Each structure stands twice: as C-alpha cells, then as structure tokens.
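This briefing covers model confidence, helix packing and salt bridges. Please keep the sequence and the coordinates open while reading.

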Amino acid sequence: MTPVSLTFSDLSNTKLDPLDRAKQLAAMLLSKRSEASGAPVARQLHEVLRALDASDRHGFQRYLATEFQPDRTALRAAAERYLADGTAEAAAALARAADPPRQDLLRRINMAPGGTGALIAMRSEVASRLRSEPELKLLDADLKHLFASWFNRGFIELRRIDWQTPAAVLEKLIAYEAVHEIKGWDDLRRRLAPDRRCFGFFHPALPGEPLIFVEVALVRGLAAAVQPLLSQDTDAAAARERAARADTAIFYSISNCQDGLRGVAFGNFLIKQVVEELKTEFPQLRRFSTLSPVPAFRQWLGKRLLNESEPDAALLPLLESDGWWNAPAQSEKLRVPLLRLCALYLTRQPSIRIDPVARFHLANGARLEQINWLGNTAPRGIQESFGIMVNYLYDTETIESNHEVFVNDRTVVRSADVDALLAAEHTPRARSPAEAQPRDAA
C-alpha cells in the first residue's frame, strides 16, 4: 500500500510508472478525510486512468480487487460482539466493519468530473474477465452495489425520442440498437413515425448519454412478426390513423446502452413508466406486450437434438438444411414440434436461467402470452431461435403477483395457448421415416 506520507505535489511531479502512479493516487485519495481535500486527487487520478493503456488498466483493476479489503481484526471483533448481544447497534457496527474500503475509494473516484462514466467503463472491462479471473468478482460486486444506489428510479429521467431530439442522441440510438439493426436515417425515420414511439432513459451524471432505449409500435392486436413493424412506410397520415385505431402497444426493442450497468435492475420501473406515458397519450390502448427474441433457444435445442435417444432428434437434419424457412412444405413440418419445444424451453427452470430475455420479462411481472412461428426471418432471428419470437404481456393488474411467483419459486405465468403447446409434449408424436421401418426381431 502506498505510504500516505507522500503529498499530492509529490505525485504530480513524480516520474513514476503510470500504473504505480495510479495506485499511489488511489491510496492517497482514500486517506483524505474531507471531500475538499480529496477532490483534486480524484481529478488527478481520473486523468491518469484515462491515459493508461489496456494492460495497465487491467493491472489497476486487479489492484482494486485484491487490495482494500475489510480489516480482519475489526471485522472479527464486530462479528463477535453481534453474536454476543445481537442488538441493532451491534448489527450496524458489523455492517460498517464488513464494508470494504474499496467501496469508499470508488465513491471518491466518482467525485471527479466524468467519474461515473469511467467506473461504468471499468465494470464493462471487468465483466469480460470474470470467468478467467474470479478474483475480480469482488470489484465487480462493489461496482454493481454502488450503481444500484446511484441509478435508482429517483435519479433516472424518461425522455421521448423524436425528430426534435438532438442529432447526437439520435446517432446513439442508431449505434446502440441491439435487437433490430437501424440501417441509417431513413430506417430511423420509420422508427419515429406517428404510429411509433421511442423513449430513452437518462441519468444526470451522464448528460447526453442514454442508459436504455425502448422502441414501441402502436398496432391492433398482438403483433406476431417483426418484419411488418420494421417495413418502410413514409405515409405520415396513414401512420397517424393507425395510431388512433391502435389497441395494443408492442415493445419490439429494448436496448441496454451501457454494458457496465448490466444486472442493475431498471426493468419493472422502466416498463411501468413507459406504459403510463403511452396510456396518457393513447387512452384507447388495452394491451401492452413485447415482441421479443429467444436468443438462446437454438443453442439449447441443438444440444438436445444431438442426443440420439431424444424423440425429436429426427428434426436436426431438417433444421440444418439451408433456407428451410422459405420452403412452405418443409417449414410446416417443423412448425408444431418447434413451437412445442420452445414452450418447453421457456417454462422449465434450467432454461429460464439460460435465456436472458425471458428472465428479464418474467422477473418484471410479464406473462408468457404467445409463441410466434417465423416471427423474425432475418439472419439473426434464424440463427438465434429458428425465427421464433415471443409475446410477453404486461397486464398492470397482475404484474406484481406474476413477479412474486416467478422470483419466489420460478413459476412461469403463461396463457392457455402456451399451455396447449406444452400439452402436445405428452401426446404421441409422428415417427420419423427411419422409426417407421419394421425392425427385425431380436
């Protein structure tokens, strides 16, 4: 640990290696007792960190993760005191003793202008190394803990995105779109048409930098395919008429713009606030649903079908043929079994842990409403889920109860249509041609 006898002037003039200089500034920052004395050190540390190359940033992250641990002696004493009397005061003292100095250091780094963005970028880099370097998990956990406080709903602002939005933000919408690529300004114009709505969530510590974008289509009935929603339509009058007749709002893209904030819960608040905005503007809306991808379904099913004892293994050669989705006869053979298997995938606990989109919406109180055949025939949709898309329905009357049963026991609340697909799992399936051949007696 850096000796605190060094002064800020010493570090400003030193010829230290950049990484060592960053470490000594971090130790000095933690030793400062007041915000006034710490602020210039935080600014200097921020400048040094911005200049580090990737290798030195990695070294600094490991330094943060392995140093700045709680004082073991003090923690043991606090734990023994709590076990002895169990008072609220003892519990508070134990919490203070268990709080790692690293969290205080991160808070102080955040005092520098641009500190919040730098810490978000740090967590994004750390997350990519967690599997190979588990010692970084402590730093990741502390950053996530702090972000959960800094990015709570009281600080987050919802803004509608339209053609009056600054061009810099519109460019970020194009760049950050993570579900359905926006192919330039003409495509963006369709996303912002009168029968569409787009919202961005922003935080005062990141001016002009979005946290999340939400894209909505105003339609009649549940949309079962995304291509019609993305198709070019430049007739503004027709779009306004569609918006006036719409009874359903379809959330067809929710893009997280900051990798470093993954795992920080915005979902329930995000959906509810957008729903309230839409209900105020369009009181005739009766349903609020997503049209969502199933990003891990193909991977899950591919592994399942490799098992020769799997009854559906005969599907694999059909699925591996090029362009089957454009051949109606071949596609129809796959429709029923794939919808059944997707329903199985989306309602079984191990699968829910795999699929991030399902986990997000179910944990936020949505109901698994409808599984749609060839809902996305773009290359990415075929690659991820054989084109299948899902409607998750947000019923404002049941969001809380749905959330509770999913979080408490992983029960997936679902519609009768999904139950009907699951029931097909227990009915006899048509045998493949190979299975239908008579077998010699043993």
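The points below are grouped by topic.

The model is predicted. Its average pLDDT is 90, and 91% of the residues reach at least 70. Three helix pairs are described, followed by the salt bridges.

**Confidence**

- Residues 428-442 keep a pLDDT under 50.
- For that stretch, 428-442, the model has five contacts beyond four places in sequence.

**Packing of H2 with H4**

- Helix H2 covers residues 18-31 and helix H4 covers residues 54-66; the two pack at an angle of about 30 degrees, and their axes are 9 Å apart.
- Because angles under 35 degrees count as roughly parallel, H2 is roughly parallel to H4.
- H2 and H4 cross in a right-handed sense.
- On the H2 side the contact is made by Pro18, Leu19, Ala22, Lys23, Ala26 and Ala27, and on the H4 side by Asp56, Gly59, Phe60 and Tyr63.
- Sorted by class, the H2 and H4 contact consists of seven nonpolar residues, one polar residue and two charged residues.

**Packing of H4 with H8**

- H4 also packs with helix H8 (residues 115-127): their axes come within 11 Å and cross at roughly 90 degrees.
- This angle makes H4 roughly perpendicular to H8.
- H4 contributes Arg57, Phe60, Gln61 and Leu64 to this contact, while H8 contributes Met122, Glu125 and Val126.
- The H4 and H8 contact has four nonpolar, one polar and two charged residues.
- Phe60 of H4 takes part in the contact with H2 and in the contact with H8.

**Packing of H15 with H17**

- The axes of helix H15 (residues 297-305) and helix H17 (residues 328-347) come within 11 Å, with a crossing angle of roughly 105 degrees.
- Angles of 65 to 115 degrees count as roughly perpendicular, and H15 and H17 are therefore roughly perpendicular to each other.
- Phe297, Trp300, Leu301 and Arg304 form the H15 side of the contact; Leu338, Leu341, Cys342, Leu344 and Tyr345 form the H17 side.
- Eight nonpolar residues and one charged residue make up the contact of H15 with H17, with no polar residues.

**Salt bridges**

- Over the whole structure, a search finds 25 salt bridges.
- One pair is Arg160 with Glu281, whose side chains meet in a salt bridge at 4.0 Å, N to O.
- This pair links distant parts of the chain: Arg160 lies in strand E1 (residues 157-160) and Glu281 in helix H14 (residues 267-281), 121 residues apart.
- Side chains of opposite charge can pair when their charged atoms come close.

Notes: Residues numbered from 1 in each chain as written. Predicted model: local features only at pLDDT ≥ 70, side-chain atom pairs only at ≥ 80, totals over all residues. Heavy atoms only, no water. Axes fitted to C-alpha atoms, helices over the stretch in contact; angles between N-to-C directions. Helix = DSSP H or I, 4+ residues; strand = E, 2+ residues; numbered from the N terminus. Parallel < 35°, antiparallel > 145°, perpendicular 65-115°, else oblique. Left-handed = near helix turned anticlockwise from the far one by under 90°. Contact = heavy atoms within 4.5 Å. Nonpolar A, V, L, I, M, F, W, Y, C, P; charged D, E, K, R; others polar. pLDDT = per-residue confidence, 0-100.
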